[in-house]
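Grab a pencil and work through these exercises with the model open beside you. Try each task on your own before reading the solution.

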Amino acid sequence: GNDCQSLILPNRRLEARYGTPEWDQIYGQRIEDFIIMLQAEDIDVVLIGMPIVRSKRFRKKIIHVNKIVENMAKKHNVLFIPLWDISTNSNGSYKDSVRKNGRTLPFRHDDGIHLSPEGSKQVASTIIIELEKVYHWEEKKLKEDAK
């Protein structure tokens with residue numbers, strides 16, 4: 001979420017104002033450079049999208065940044081794990097709580113941005129499930145346990 005702002009150079013000069021085509025191009029290039037740098041070292045890259053937030057204004061920014069990151073992931077054949085669905089309720093709206101073991105627990109902190117401990121657990125679980133689809137950790141663990 002901190003990426004949804006103007007880009008400032010180390011000398012504190014404005015490089016690009018958020019919401020401009022220049023920002024999109026430079027931000028996308030930064031993501032692409034990051035992917036290329038890691039892939040050059042033979043490192044698998046996984047990019048994770050940001051979840052929905054309560055503020056509708058901030059939400060639009062998150063959607064925009066997620067699209068740029070997802071497009072770069074596709075361009076470089078990198079796994080992109082979206083968190084939008086896990087952070088919304090059944091009608092696709094912002095989720096602030098979850099039911100677990102008959103109790104209602106907060107999914108977010110009061111700021112409407114940061115995840116609660118329970119929200120963090122659910123998001124982490126989603127990420128692990130998606131990673132296991134690619135890396136087959138459970139399958140490897142089962143084979144090791146059989147030895």
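A residue counts as buried when its relative accessible area is under 20%, as exposed when that area is over 50%, and as partly exposed in between (1.4 Å probe, protein chains only). This is a predicted model, where local features need pLDDT of at least 70 and side-chain atom pairs count only at pLDDT 80 or more, while totals for chains, interfaces and linings use all residues. Residues are numbered from 1 along each chain as its sequence is written, and side-chain values use heavy atoms, with hydrogens and water left out.

**Exercise 1. Decide whether K121 is buried or exposed.**

Step 1: Find the residue; K121 lies in helix α3.
Step 2: Take its relative accessible area, which is 53%.
Step 3: Hold that value against the cut-off: K121 is exposed.
Step 4: For an extra look at its surroundings, go to F107, which is 14 residues away in sequence, with 9.4 Å between the two C-alpha atoms.

**Exercise 2. List the elements of the chain in order.**

Step 1: Know what counts: helices (H or I, at least four residues) and strands (E, at least two) are DSSP runs, numbered from the N terminus.
Step 2: Count them, and you get four helices and six strands.
Step 3: Read from the N terminus, and the order is β-β-α-β-α-β-β-β-α-α.

**Exercise 3. Check the lengths of α1, α2 and α3 against what a helix should span.**

Step 1: Get the rule: the expected span is 1.5 Å times one less than the number of residues.
Step 2: Try α1 (residues 21-40). Its 20 residues should span 28 Å, and its end C-alpha atoms are 28 Å apart, so the two agree.
Step 3: Do α2, which also has 20 residues: 28 Å is expected, and the end C-alpha atoms lie 29 Å apart, which agrees.
Step 4: Finish with α3 (residues 117-135), where 19 residues should give 27 Å and the ends are 26 Å apart, which agrees too.

**Exercise 4. Which residues of these helices are buried, and what covers those of α1 and α2?**

Step 1: In α1, the buried residues are W23, I26, Y27, G28, I31, E32, I35 and L38.
Step 2: Their cover includes β1 (7-8), β2 (14-16), β3 and α2 (56-75).
Step 3: In α2, the buried set is F58, R59, I62, V65, N66, I68, V69, M72 and A73. Here α1, β3 and β4 (79-81) are among the elements that cover them.
Step 4: In α3, you should find E118, G119, V123, T126, I127 and L131 buried.
Step 5: Zoom out: buried residues make up 33% of the 147 residues in the chain.

**Exercise 5. Classify the aromatic pairs of the structure.**

Step 1: Learn the cut-offs: rings of Phe, Tyr and Trp (its six-membered ring) pair if their centres lie within 6.5 Å, and planes under 30 degrees apart are stacked, over 60 edge-to-face, the rest tilted.
Step 2: Count the pairs; there are two.
Step 3: Take Y18 and W23, with 4.7 Å from centre to centre and 70 degrees between the planes: that's edge-to-face. Both residues are buried.
Step 4: Now take W23 and Y27. Their centres are 4.6 Å apart and their planes meet at 10 degrees, so this pair is stacked. The two sit four residues apart in α1, which puts about one helical turn between them, and both are buried.
Step 5: Put the pairs together, and Y18, W23 and Y27 form a cluster.

**Exercise 6. Where do D42 and N101 sit, and what is the sign of phi in each?**

Step 1: Start with a rule of thumb: most residues other than glycine have a negative phi.
Step 2: D42 is in the loop between α1 and β3 (46-48), and its phi is positive, near 60 degrees. With a relative accessible area of 71%, D42 is exposed.
Step 3: N101 is in the loop between β5 (97-100) and β6 (103-106). Its phi is about 50 degrees, again positive, although N101 is not a glycine. At 74% relative accessible area, N101 is exposed.
Step 4: Look just past two other helices: N77 follows α2 with a positive phi near 55 degrees, and H136, just after α3, has a positive phi of about 55 degrees.

Note on methods:
Contact = heavy atoms within 4.5 Å.
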